[in-house]
Amino acid sequence: MPEKDPLWFKDAVIYELHVRAFYDSNGDGIGDFNGLIQKLDYLQDLGVNCLWLLPFYQSPLKDDGYDISDYKKILPSYGNMSDFRRFVKAAHSRGMRVLIELVLNHTSDQHEWFKQARESKTSKRRDYYVWSERADRYQEARIIFLDTEKSNWAWDPAAQSHYWHRFFSHQPDLNFENPRVRKDMQEILEFWLKTGVDGFRLDAVPYLFERDGTSCENLPETHAFLKELRAAMDAKYPDRIFLAEANQWPADVRPYFGNGDECHMAFHFPLMPRIFMAIRKEDAAPVLDIVKKMPAIPDNCQWALFLRNHDELTLEMVTQEERDYMVREYAADAKAKLNLGIRRRLAPLMSGGRRAMELLNSLLFSMPGSPVIYYGDELGMGDNIYLGDRNGVRTPMQWSGDRNAGFSAADTAQLFLPVIEDPVYGYQSVNAEAQKRTPTSFFHWTRRLLAIRKQYQAFGRGTMEFLPCTNSKIIAYVRAYEKQVLLIVNNLSRYSQPAEFDLNAYKDYVPVELFGSVRFPTIGELPYFLTLGPHSFYWFRLEPPANG
């Protein structure tokens, strides 16, 4: 069982996966909970200690499960409630915690609530949603899915009225002004807490309330409701957590932590695209600038860091100039662009460059926060940008070089999505079985990185101080927690680079490189000099002098 610790999430290494994409146990072409249970040993061997599952609820699957038609039922093709409970128990027995999705903002238009709401203006469910006779309210609210939606209002012929939706038109927004909606959501939360899950990713959380004359994002009412939800959970389940998906600018993300009484974690959306910008520009400035702009967060809170996930590489939280640059550099094929982002996995974004992938993971795993790995990225899996929407990064996990990548015994035509078969990233060349057999594989390198991170709580809980460096291609920082002091140095350039640091504060300390336990020269009064190879990095433990 996972250790009892109310701050466990600070030391979490989170693995994001889609049940239907992970492993098919019954040969119907769709992954399921029984299949996931069979692969828990693989995840334990990799070294992750927290699993985040994409939606697995009853759904028409028009938006890959984010369009929920019943919050308390599991999609039959994934299994049943008994299977889910067995999965949670099996994960816990291996020391892994489980996060699931709580899609607060909207339902599917196939949900019973919406079906009843459409029937008449006097329906008891009518005010579960946001209706209007006119489609010109809330004009200041941006349209999120620009590629598919022209308005945030949709006409419903049955209801003879417009309804509000921030995402797809088949996902009507719930009306959180209605106390019954808030009460029902609290009941749904408790329903899943009773299954033993360790927390929830709160999907699309900035958009819960609407107000005329505002952007309908980050409203005070949203924060009041989150505090209410958090208090209800803490009262019975004090070791469970909320992880906010709030794709906002730094000043707007900070309130989602409240005073340590709202969300425990929030994704660091402002940082993610700037990491990619920094490596392409070979300049530390994008990362340094955004980190320095980030407000301090409460001691009992944590950032969730990520490079890639199930969505596009979003470019909402960058300037127009930065967005143009990123599209130019990373989306040469127009098919790669989606909404305000780029639908690619990590390996194709780095053109398969092993050193660049390792460097990005050095940043992901050493900066303040808890890292999130997207399934398959530990292998360097590829994508298929010619599949619709974001399906190109949600293809079956590549387990082996066998038929269907070892994911399913079904006929190939039955698979929920086709496996990747291109010459570079196809399952014949990129798969877990081959990489587990190869000591120098990206899987084993990632596994080693996770094992090292686990040894030092400074990564998840420590302070961070950037070290000035005259070479702008170098980004270096010190992570410190209790008696642990770590020095991290990253070379953003594709060429070898020199680096010099003033480490006088650590005079007579000895840097010990963490991967090989190699002792470097003792730090003296002169600037400390290092040479880094292309896209390379050092993780050092600074050992105090024997008499220190």
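Which residues have the most contacts inside the largest nonpolar core? They are Tyr 15, Leu 43, Phe 87, Phe 200 and Phe 276, in a core of 165 residues. The model is predicted. The chain has 548 residues, and 61% of them are buried. Its secondary structure comprises 16 helices and 24 strands.

**Overall form**

- The radius of gyration is 24 Å, which agrees with the value near 24 Å for a compact globule of 548 residues.
- The C-alpha trace spans about 80 × 55 × 45 Å along its principal axes.
- Take the contacts between residues at least 6 apart in sequence: 69% of them join residues at least 24 apart.
- About 20,900 Å² of the chain is exposed, and carbon and sulfur atoms supply 50% of that area.

**Nonpolar cores**

- The largest core holds 165 residues, including Phe 87.
- Beyond four places in sequence, Phe 87 touches Phe 33, Leu 36, Ile 37, Leu 40, Leu 51, Leu 53 and Val 98.
- Another core, of 18 residues, lies apart from the largest one. Among its members are Val 485, Ala 499, Tyr 538 and Phe 540.

**Val 197**

- Val 197 sits in the loop between α6 (179-193) and β9.
- Its relative accessibility is 0%, so Val 197 counts as buried.
- Val 98 is 99 residues away from Val 197 in sequence, yet their C-alpha atoms are 5.4 Å apart.
- Setting aside neighbours within four places, Val 197 contacts Phe 84, Val 88, Val 98, Ile 100, Trp 192 and Arg 240.

**Asp 203**

- Asp 203 belongs to strand β9, which covers residues 199-203.
- Is Asp 203 buried or exposed? Asp 203 is buried, because its relative accessible area of 7% falls under the 20% cut-off.
- Its side chain makes a polar contact with the side chain of Arg 201, at 3.1 Å.
- Outside the four nearest places in sequence, Asp 203 touches Tyr 66, Glu 101, Leu 102, Val 103, Leu 104, Asn 105, His 106 and Glu 245.

**Cysteines**

- The structure holds zero disulfides.
- Cys 50 is in no disulfide, and the nearest cysteine sulfur, in Cys 263, is 15 Å away.
- Cys 50 is buried, at 1% relative accessible area.
- Why is the sulfur of Cys 263 not bonded to that of Cys 301? Cys 301 has the closest cysteine sulfur to Cys 263, but the distance is 8.5 Å, too far for a bond. A disulfide needs sulfur atoms within 2.5 Å.
- Cys 263 is also buried, with 0% relative accessibility.

**Positive phi outside glycine**

- Which phi does Leu 61 have? Leu 61 is not a glycine, yet its phi is positive, about 60 degrees.
- Leu 61 is placed in the loop between β3 (57-58) and β4 (70-74).
- With a relative accessible area of 33%, Leu 61 is partly exposed.
- Asp 508, not a glycine either, has a positive phi of about 75 degrees.
- The loop between β20 (497-501) and β21 (510-513) contains Asp 508.
- Asp 508 counts as partly exposed, at 37% relative accessibility.

Technical notes
Residues numbered from 1 in each chain as written. Predicted model: local features only at pLDDT ≥ 70, side-chain atom pairs only at ≥ 80, totals over all residues. Heavy atoms only, no water. Core = buried A, V, L, I, M, F, W, Y, C linked by side-chain atoms within 4.5 Å. Buried < 20%, exposed > 50% of the residue type's maximum accessible area, 1.4 Å probe, protein only. Contact = heavy atoms within 4.5 Å. Helix = DSSP H or I, 4+ residues; strand = E, 2+ residues; numbered from the N terminus. Polar contact = N/O pair within 3.5 Å; in protein donor to acceptor, adjacent residues only side chain to side chain. Rg over C-alpha atoms; globule rule 2.2 N^0.38 Å. Areas by Shrake-Rupley, 256 points an atom, 1.4 Å probe, with all protein chains shown as cover.
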